[in-house]
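Here are some exercises to work through at your own pace. Try each task before you read its solution.

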Amino acid sequence: MDVARVKQLIDEAIAENPALFLVDWSISADNKIVVLVDGDEGLPIEEVVRISRHVEHNLDRETEDFALEVSSPGLSKPLTTPRQYRKNIGRTIEITLTNDKVIEGEIVSADEEAVEVFWEAREPKPIGKGKITVEYQELINYTDVKKAVIKVIF
């Protein structure tokens with residue numbers, strides 16, 4: 001399988017719609033091509049079909065047999081690109097840092113380097129008995145993130 005050609009076809013298809021972006025892609029040993037695409041406003045099924053057709057119609061099955069799967073990453077998949085963080089501003093995220101500390105809070109902002117998260121925690125009062133609610137807002141570099149997933153809250 002010509003890996004460079006597959007990547008070129010994926011890039012061409014995604015470039016046709018600036019609201020879309022590539023999250024990840026892979027080719028397995030048995031030539032299964034998996035493409036994960038997302039969009040700033042979601043990923044319409046028409047776009048999945050268009051990308052799939054562009055890749056499939058430009059590869060020769062006579063030369064090499066392959067399977068192709070194009071989809072969005074889904075809510076259970078960890079975030080991997082800054083654009084995914086930006087898309088989810090205002091939503092609740094659970095971030096596991098490289099030091100294994102876990103933060104659950106709302107995404108306030110995100111850029112190419114870091115995500116800003118707001119959360120509240122119940123902590124013991126500095127003086128006396130009982131607890132108080134303390135607010136935190138922290139800028140977290142993506143290099144410090146081990147895993148980040150959007151929390152679905154009903």
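**Exercise 1: A residue and its core**

Val-117 is in contact (heavy atoms within 4.5 Å) with Ile-93, Ile-95, Ile-103, Gly-105, Glu-106, Val-108, Tyr-136, Gln-137, Glu-138 and Ile-140, leaving aside residues up to four places away in sequence. The model is predicted: local features need pLDDT of at least 70, side-chain atom pairs count only at pLDDT 80 or more, and totals for chains, interfaces and linings use all residues. Residues are numbered from 1 along each chain as its sequence is written, and side-chain values use heavy atoms, without hydrogens and water.

Task: find which residues touch the most other members of the largest nonpolar core.

Step 1. A nonpolar core joins buried (under 20% relative accessible area) Ala, Val, Leu, Ile, Met, Phe, Trp, Tyr and Cys residues through side-chain atoms within 4.5 Å.

Step 2. Of its 16 residues, Tyr-85, Ile-93, Ile-95, Val-115, Val-117 and Ile-140 touch the most other members.

Step 3. A second, separate core has 15 residues, including Leu-9 and Phe-66.

**Exercise 2: A charged residue**

Task: decide whether Asp-38 is buried or exposed, and find its side-chain partner.

Step 1. Asp-38 has a relative accessible area of 8%, so Asp-38 is buried.

Step 2. The side chain of Asp-38 makes a polar contact with that of Lys-87 at 2.6 Å. Such a contact pairs N or O atoms within 3.5 Å; within protein, one must be able to donate a hydrogen and the other to accept it, and residues adjacent in sequence count only if both atoms are side-chain atoms.

Step 3. Asp-38 also touches Ala-19, Phe-21 and Pro-73, among others.

How values were computed:
Buried < 20%, exposed > 50% of the residue type's maximum accessible area, 1.4 Å probe, protein only.
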